[in-house]
Amino acid sequence: MRAVPVAIVSILIGAGVGAASAYWSVGFPNSEADIAALRDDVPAAELNFPKFEVDSMTYDFGAMQRGTTKEHAFKVTNNGTKPLVLENLGTTCKCTAFKLPPKPILPGESGDVELTWIAKSLPGQFRQTATLGTSDPRSRRVELTVEGVVTDVSGVEPKEWFFDKLHPGEQRTESVYVMSYNDDDMEILSAELDSDDVGDEFQVDLTKVTKDELPDAKAKSGYRVDVTPNKSLALGPIQQWVVLKTTIEGAEEFSVPIHGTAVGDIEIRGPSAWNDVIGAVHMGDIQSADGAQVRLFLSIKGDHTEGIVFDVAEKDPESLEIELGELKSTRSGAMVPLTVRVPKGLPAAIRNGTGQGEAGRVVLKTNHPLNPEISFGVRYVIKKPGVTR
Amino acid sequence: MTMHHVGRRSRPLMFGLLVFFVPMWATLVIGSRAASESPEPPKIHVGPRFEARFVAKPRIPVSGIRLAAGGTPQVDPIEANGPIFVEWPKPDLALMFTGEQMGFLEPCGCAGLENQKGGFKRRMTLMKELRGLGWPIIAMDAGGLVRRYGPQAQIKLGRSLEGLVEMGYEAIGFGDKDLRLDMLSEAANLDPNPLLSANVGLVDFDAGFSRRYHVVEENDIKVGMTAVLGEEGLAAAKSMRDLVTLPAEQAIAEVLPELEAAKCDELVLLVYGDVDEAKDLSAKFPKFRWVVAGTGGDEPPIQPEQIAESGATLIEVGHKGMYAVVVGIYEQGSPKYRYQKVPMDHRFEDAPEMKQLLVRYQDQLKTLVTAAGSFEPLTGKPMRLPKQGGGWVGSEACADCHSTACEIFMHSPHAHATTTLVELDPPRHFDPECLSCHVTGWNPQAYAPYVGGYESLEKTPHLTMQGCENCHGPAKNHYDAEMGNIDATDEQIERFRADLRMEIVENEGNMEGQNFKGGKVVQNCMECHDLDNSPDFDFQEYWEREEEPVKHYGMD
């Protein structure tokens, strides 16, 4: 068999299949007239196409009350010589609907493309797009935009009571403002914690304030609502809700969260690998050849901050490396960097605290009179080289 | 015939075999090996009453299967969302802007991956493809990586930062919700550390946990950048410890001389604030050619706005990471700058690196839950029960007396809700943000269990599925009274029944002109069918539909 004829035939077949595939996906090339139109080489008067023109590509609805609907008609004119056909190619949100002219727009005539928008989203700026397909070869695809600002009948600023880190016995009050944008004289009828178990943990106080005191100039009336812990909270995350009942129409009842973390004088802080609730650092899967480390912090506050010293009392397994850095003063106390390291080259092991293997553990001793010892878990799995699952 | 001649004749056949059959064989072998390596998902047990009477067929949205299996999507993303970079020559430099991710590591929008936009997997593919074309890219994020608070939000913040660093971001600003979490500890573990803020310092401005400004040079073009937390964010941050803050204007005035001294070709100001605030700062500092508003409209404009007071270009990044904005810079020719709003749709395949990030994220959640034997490490203590009901019994308990309603239920998507999570890749049945609407006995908007709600597939198999009690309320009192497990008077029996009844009022629905305020049923539906997860939900349409109906009434 001769190789050359075979190769030539193969190339021709391949080229033919490739060309067919290309035409299938891209379509036949434009005619000369189409190309001229696309390039604007030919004056409009000589073209035989529909020509899409619209009064504006964007419409600003301004402020819209949440839950309301507004409409706008974009005026489309056909300045071409053939009927202009429009097609709905979709919107970026189901909250936007649009209605096209029922028939093609004849040359020299206009039609409306009506966009309807329902303000479903949370208060703030919005922008959504509706895409039209047209039979104008120079404007096959047109995007029309509506935008504005969604407002609500009421607002809360800030959005929660946030205590950040709360220490035992610390007296702190956090405030939020509850505002009405329509009512000149709103009332808060009640403000209660949404939990029978913590009824006396927080004190909630209401103060009606003047318009000038409100953080949003658009608000017409409002209250300041103060939350103060009554007693030392159990260590751990603070996640509570206050249920407010008001006279604001459309916002008669809603809940605002209380967030934060109740901490002791000494607190271990860490990135996403650290979990406060279980008091452990999760190092995940570690390749033996790479090892791994996580940097934590010991955060110290209270009367015994100065002169505090930490030392490693115990580690399980012994192969863990624990590094304590220098004490550094901060605005609110002090901190000591704490690095936990699983060194390179350790054998495979499961220490993730599940049924497969107990978590590792580190115990630090301190000279703090109330917290002489701090311990935390270290969870990890060491994999042999080449094992990825 | 000699062996030599036989060999020659068989060469074309051998060539054909090699060309056509080797790749097929390889694909089959590799594919089946990959399939066999994937662990079998755990089996969902629905209880003997259900298994005997009905068959719950696991159902994953078809588009998800098709896309997940590398199949052909039915929605053409380019037709739906438009072509990108049309007639763009390779730029001398591309600036990429994102922000206000709000915790959406994965795509968001109408149901089905074909309709959703966003996610790190697609964003990384965009960057890899552009870099593969030789585009130098400088990526910047305005901040707003998370929107919730708590242990899971902290984990998400960490994974988001990890992902952005892996994608090569040069700058990540702070949103106020990011700062509520332990950003300091995240910063201490970031290497490299692209955190940027002129007016927020972690511990202090010179503590080394973030930069106040940054200058990057790519392809001989020097770009100076800084970021500020806007007024509303600063007000929210005032109660946060371990931060130092300055008003945005003062901070920019302090860092701008440093950027000017570096003789940058382009200056970028990232503002975690709204459009008005971004424009206001731009007017005061016209040297910044590019000003990003982190909390602008939910999608970027088709064309950017030129800020009249400064001549700068305003960039809005949209919400939930659904879009990226790319600005191309051309040293020669015209125009010098090109702008493209890039929808993160399924024209971009899932990048394996970011898929691994998500696997690590779900694995971390799973380990925490498995080790603790509960979801407390992620959700805190369970929430107290809604007032009526007495506790959760599971949908199977309803089947004996309410068999018609249960038959309808078992053929509806609600019955497959938990299976859907288990069979995803990676599985999501340790993720409270998914579970809260896919099991029984959880609060959908708090992403937390009620006391006695679903705990695990093993411990509480009767509380899988989006069960009856999620709508009707906990049914233990009713069940015990009807079964004679407790002594209940006739009045109590009737009261327990009434507690669980749900009545649809006239014209009840969530669309324009329908009765939403008076509709307890539709309000309950929208606890899960909310704007983020079910933006096209229409109660009346869903309730009345014939395919996989949900409509049911009363007892048999």
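## Exercises on the contacts of a two-chain model

Domain 1 and domain 2 of chain B bury about 900 Å² between them, with 33% of that area on carbon and sulfur atoms. Please keep in mind that this is a predicted model. Let's work through some exercises.

**Exercise 1.** Describe how domain 1 of chain B meets domain 2 of chain B, starting from the domain assignment.

*Solution.* Step one is to place the domains: the assignment gives residues 89-355 of chain B to domain 1 and residues 385-544 to domain 2. Their centres, taken over C-alpha atoms, are separated by 40 Å. Step two is to look at who takes part: domain 1 of chain B brings eleven residues to the contact and domain 2 of chain B brings nine. Step three turns to charge and polarity. The rule finds four salt bridges across this interface, and it also finds five residue pairs in polar contact, both residues being at pLDDT 80 or more. Sorted by class, the side of domain 1 that touches domain 2 has three nonpolar, two polar and six charged residues.

**Exercise 2.** Show that the side chains of B:Glu433 and B:Lys156 meet in a salt bridge.

*Solution.* The rule asks for a side-chain nitrogen of Lys or Arg within 4 Å of a carboxyl oxygen of Asp or Glu. For B:Glu433 and B:Lys156 the distance from N to O is 2.5 Å, and the pair is a salt bridge.

**Exercise 3.** Characterise the interface of chain A and chain B, beginning with the residues in contact.

*Solution.* First, the extent: 59 residues of chain A are in contact with 65 residues of chain B. Together the two chains bury about 5,300 Å², 49% of it on carbon and sulfur atoms. A:Gln125, A:Arg127 and A:Ser272 supply 14% of the area that chain A buries against chain B, more than any other three residues.

Next, the pairs: there are four salt bridges between chain A and chain B. A:Arg127 also appears here, since its side chain meets that of B:Glu316 in a salt bridge at 2.7 Å, N to O. The count of residue pairs in polar contact, both at pLDDT 80 or more, is 19.

Finally, the elements: strand 7 (124-134) of chain A is among those that each supply at least two residues to the side touching chain B. With five residues, strand 7 of chain A gives the largest share of that side. By class, the side of chain A that touches chain B has eleven nonpolar, 24 polar and 24 charged residues.

Note on methods. Residues are numbered from 1 along each chain as its sequence is written. Chains are lettered from A and ligands numbered from 1 in the order in which they are written. This is a predicted model: local features need pLDDT of at least 70, side-chain atom pairs count only at pLDDT 80 or more; totals for chains, interfaces and linings use all residues. Side-chain values use heavy atoms; hydrogens and water are left out. Domain bounds come from an automatic or database domain assignment. Contact means heavy atoms within 4.5 Å. Buried area is the accessible area (1.4 Å probe) that two parts lose on being put together, summed over both. A polar contact is a pair of N or O atoms within 3.5 Å; within protein, one must be able to donate a hydrogen and the other to accept it, and residues adjacent in sequence count only if both atoms are side-chain atoms. Ala, Val, Leu, Ile, Met, Phe, Trp, Tyr, Cys and Pro count as nonpolar, Asp, Glu, Lys and Arg as charged, and the others, Gly among them, as polar. Helices (H or I, at least four residues) and strands (E, at least two) are DSSP runs, numbered from the N terminus.
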